[in-house]
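Thank you for making room for me on the agenda. Please bring the sequence and the model up on your screens, and we will go through them together.

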Amino acid sequence: MPVSFFWDMTLTACITVWSPGPNNIMLLSSASKYGIKKNLKFMLGIWTGSLSLMILCGIFCRGLTAIVPGIQPVMKYVGAAYLVYLAYLTFRRLPPGEGSAEKEPSYPMGIFLQLVNVKIIIYGLTMFSSFILPYEQRPLILLFFAFYLMVLGAIGNLIWAFAGNVLKRFYSSHYRVMNTIMALLLVWCALRVIS
């Protein structure tokens, strides 16, 4: 892979995975309520799901491109429905200590959120088919790129989680406004998925 192509891929990947999306918005919202430390399992779940998807995209990209047109419409609506559900949960969320029975985000929730994340599925297929597979097809190198793409996403997740952590004190006194904004952003993501 030419060096310039590698940097083009990296820039495209960062713009894609650092932009608002379901994981980043959930991390912003959740970290503003629980802080970074209590979101580590959730983030590990997101990263596990992301790495799993990147490996699948890298190994099966050629085969999946024939299947994706049939899968994409279904996944699009499943993913959008899940985002609307997350928006509802976010809107209802109470600040810590106010009788909320809501559980902290978990590792399985992070994996599930990532596995139904159409943005990340399409991201993986695009990165491998456009940037990686034209130059490299060895399994070990594809595994390296799967890990590299996951790390770029993890950096974006951390940025959004730290932003949420900074807003934690603000959240306690203005949680209704923040929940409404986060819920609307999740609904916006759902609308972008189905459009």
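Let me start with Ile 194, which is found in helix α7, where helices are DSSP runs of H or I with at least four residues, strands are runs of E with at least two, and both are numbered from the N terminus. This is a predicted model, in which local features need pLDDT of at least 70 and side-chain atom pairs count only at pLDDT 80 or more, while totals for chains, interfaces and linings use all residues. Residues are numbered from 1 along each chain as its sequence is written, and side-chain values use heavy atoms, with hydrogens and water left out.

Is Ile 194 buried or exposed? Ile 194 counts as partly exposed because its relative accessible area is 32%, and that class lies between buried, under 20%, and exposed, over 50%, with a 1.4 Å probe and protein chains only.

Ile 194 also belongs to a nonpolar patch on the surface, together with Tyr 77, Val 84, Val 187 and Leu 191, and these residues have about 430 Å² of accessible area together. Such a patch takes residues with over 30% relative accessible area and no salt bridge, and joins nonpolar side chains (Val, Leu, Ile, Met, Phe, Trp, Tyr) within 5 Å; a salt bridge is a side-chain nitrogen of Lys or Arg within 4 Å of a carboxyl oxygen of Asp or Glu. Accessible areas come from the Shrake-Rupley method with a 1.4 Å probe, and for residues only the protein chains shown count as cover.

Which helix gives the most to the patch? That is α7, with three residues, although α3 (40-92) and α7 (168-194) each supply at least two.

Turning to the whole protein chain, there are seven helices and zero strands, and 44% of its 195 residues count as buried.

Notes
Patch = residues over 30% accessible without salt bridge, like charges linked within 9 Å, V, L, I, M, F, W, Y side chains within 5 Å.
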